[in-house]
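Here are a few notes to read alongside the model, for anyone opening it for the first time. They go through the nonpolar cores and then the salt bridges.

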Amino acid sequence: MSQPDFQPTLIGSTIVVRPIAPDDWTELFAAASDPKIWEVHPVSTRYTEPEFRKFFDCAVKSKMGFVFADRSTGRLIGSSRYYGYEPEIGEIEIGWTFLARSHWGGAANREVKCLMLDHAFTFIDTVLFWVGHENWRSQGAMTKIGGIKREGLLTRELSGDRPYLIFEITKRRYQDGGRALLA
């Protein structure tokens, strides 16, 4: 069985989700350098150049990272990635998502998630979202798009001892009406 395409270009009505590239550094860092974006995130200093450089380089190296471009301006407004593909249990994670404050409160986050979920559900059955236990913004966003919280707080080697909640969206739930929450 061949590997799925983990970095397609996904085109929505207002956003283009495309593979991250090394040349995106300057523009993406400019979008991410607002401390307010990261204030409730487990890595609250990610707005700094050293922390964002680690984030950026890891996204490029992963071969599963994306940037979001506003279709009307072409400007980069955020990033996300797939992670932890588990074909034997039909799961993948969507995470490391951030959005410039200029696009908070509108349809951009829903559109990005819809595009990424639509693609993921062509090759898996469940999408996971690891959300920092104090990141009330992301927890609220997950609830709005139909994420179901799993029991307990979890940690993983990748993130040190930081506790996370896991939200999931199943293909069936998404197709049976959950996608409408993203429209």
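1. Start with the largest nonpolar core of this predicted model, which has 33 residues. Val-17, Ile-92, Val-127 and Phe-129 are the ones with the most contacts inside this core. Nonpolar side chains tend to be buried together in soluble globular proteins, so a core of this kind is a sensible place to begin.

2. Which elements give two or more residues to this core? They are the strands β2 (15–19), β3 (65–70), β4 (76–86), β5, β6 (126–132) and β8 (164–170), together with the helix α4. The largest share comes from α4, with seven residues.

3. Val-17 is worth clicking on. Leaving aside neighbours within four places in sequence, Val-17 touches Pro-8, Thr-9 and Leu-10, then Phe-66, Val-67 and Phe-68, and also Val-112, Leu-115 and Met-116.

4. There is another core, lying apart from the one above, and it has 18 residues. Among them are Leu-28, Ile-37, Trp-38 and Trp-96.

5. On to the charged side chains: the count comes to seven salt bridges. One of them joins Asp-34 and Arg-101, with 2.6 Å from N to O. This pair links distant parts of the chain, 67 residues apart. Asp-34 sits in the loop between α1 (25–32) and α2 (35–38), while Arg-101 sits in the loop between β5 (91–99) and α4 (108–120). Arg-101 is partly exposed, at a relative accessible area of 40%.

6. Where do Asp-57 and Arg-53 lie? Both are in helix α3 (residues 49–62), and because they are four residues apart there, about one helical turn separates them. Their side chains meet in a salt bridge at 3.1 Å, N to O. Asp-57 counts as partly exposed at 37% relative accessibility, and Arg-53 is partly exposed too, at 31%.

7. Lys-36 and Glu-39 make another salt bridge through their side chains, with an N to O distance of 3.6 Å. Are these two buried or exposed? Neither label quite fits: Lys-36 is partly exposed, with a relative accessible area of 36%, and Glu-39 is partly exposed as well, at 38%.

8. Last, have a look at Glu-91, Arg-150 and Glu-168. A network of salt bridges links these three residues.

How values were computed
Residues are numbered from 1 along each chain as its sequence is written. This is a predicted model: local features need pLDDT of at least 70, side-chain atom pairs count only at pLDDT 80 or more; totals for chains, interfaces and linings use all residues. Side-chain values use heavy atoms; hydrogens and water are left out. A salt bridge is a side-chain nitrogen of Lys or Arg within 4 Å of a carboxyl oxygen of Asp or Glu. Buried means under 20% relative accessible area, exposed over 50%, partly exposed in between (1.4 Å probe, protein chains only). A nonpolar core is a set of buried Ala, Val, Leu, Ile, Met, Phe, Trp, Tyr and Cys residues joined through side-chain atoms within 4.5 Å. Contact means heavy atoms within 4.5 Å.
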